[in-house]
Amino acid sequence: MTTYDNTNRFVLFRQQNKQSEKHPDFSGNININGKDFFLDAWLNEDKSGNKYFSGKIGNEKTKTSDVPF
């Protein structure tokens with residue numbers, strides 16, 4: 001089995017069941033220098049119609065987190 005190095009990488013998944021417009025459009029994980037964090041992103045549009053992402057990095061994940069990486 002090959003081991004993949006996730007250091008300094010991220011993954012985002014589209015949220016299928018948003019319950020509010022304030023909830024993120026995408027959620028996932030990000031690894032920064034070997035530490036895993038939660039990651040949320042929103043898809044936005046500027047006045048010219050250009051789409052872009054804005055996001056938030058959450059608390060550091062621990063081995064007891066229920067979200068797998």
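**Entry 1: Ser-27**

I start with a cut-off: a residue counts as buried when its relative accessible area is under 20%. I keep in mind that this is a predicted model. I looked up Ser-27 and found a relative accessible area of 18%, so Ser-27 is buried. Its place is in strand β2, which runs over residues 26–32.

Next I asked myself: with which side chains does the side chain of Ser-27 make a polar contact? One is the side chain of Gln-15, at 3.4 Å. Another is the side chain of Asp-40, at 3.0 Å. I also listed what Ser-27 touches, setting aside neighbours within four places in sequence: Val-11, Leu-12, Phe-13, Gln-15, Leu-39 and Asp-40.

**Entry 2: Asp-40**

The polar contact led me on to Asp-40, which I found in strand β3, residues 35–45. Is Asp-40 buried or exposed? Asp-40 is buried, and yet I find no salt bridge for it. The nearest side chain of opposite charge belongs to Lys-56, 4.3 Å away. A salt bridge needs a side-chain nitrogen of Lys or Arg within 4 Å of a carboxyl oxygen of Asp or Glu, so Lys-56 at 4.3 Å does not give Asp-40 one.

Lys-56 still turns up among the residues that Asp-40 touches, once those up to four places away in sequence are left out. The others on that list are Pro-24, Phe-26, Ser-27, Ser-54 and Gly-55.

**Entry 3: the aromatic pair**

Phe-26 was on the contact list of Asp-40, and I wanted to know about rings. How many aromatic pairs does a search of the whole structure find? My search gave one. The pair is Phe-26 with Phe-53: the ring centres are 5.4 Å apart and the planes stand at 80°. Planes over 60 degrees apart count as edge-to-face, so this pair is edge-to-face.

I then checked where the two rings sit. Phe-26 lies in strand β2 and Phe-53 in strand β4 (residues 51–60), so the pair ties together parts that are 27 residues apart in sequence.

**Entry 4: the two partners, one at a time**

Are the two partners buried or exposed? Phe-26 has 12% relative accessibility and counts as buried. Phe-53 has a relative accessible area of 52% and is exposed.

I stayed with Phe-53 for a last look. Leaving aside neighbours within four places in sequence, Phe-53 is in contact with Phe-26, Ala-41, Trp-42 and Leu-43. Trp-42 is eleven residues from Phe-53 along the chain, and I noted 5.6 Å between their C-alpha atoms.

Conventions
Residues numbered from 1 in each chain as written. Predicted model: local features only at pLDDT ≥ 70, side-chain atom pairs only at ≥ 80, totals over all residues. Heavy atoms only, no water. Phe/Tyr/Trp six-rings, centres within 6.5 Å; stacked < 30°, edge-to-face > 60°. Helix = DSSP H or I, 4+ residues; strand = E, 2+ residues; numbered from the N terminus. Buried < 20%, exposed > 50% of the residue type's maximum accessible area, 1.4 Å probe, protein only. Lys, Arg positive; Asp, Glu negative; His and termini not counted. Contact = heavy atoms within 4.5 Å. Polar contact = N/O pair within 3.5 Å; in protein donor to acceptor, adjacent residues only side chain to side chain.
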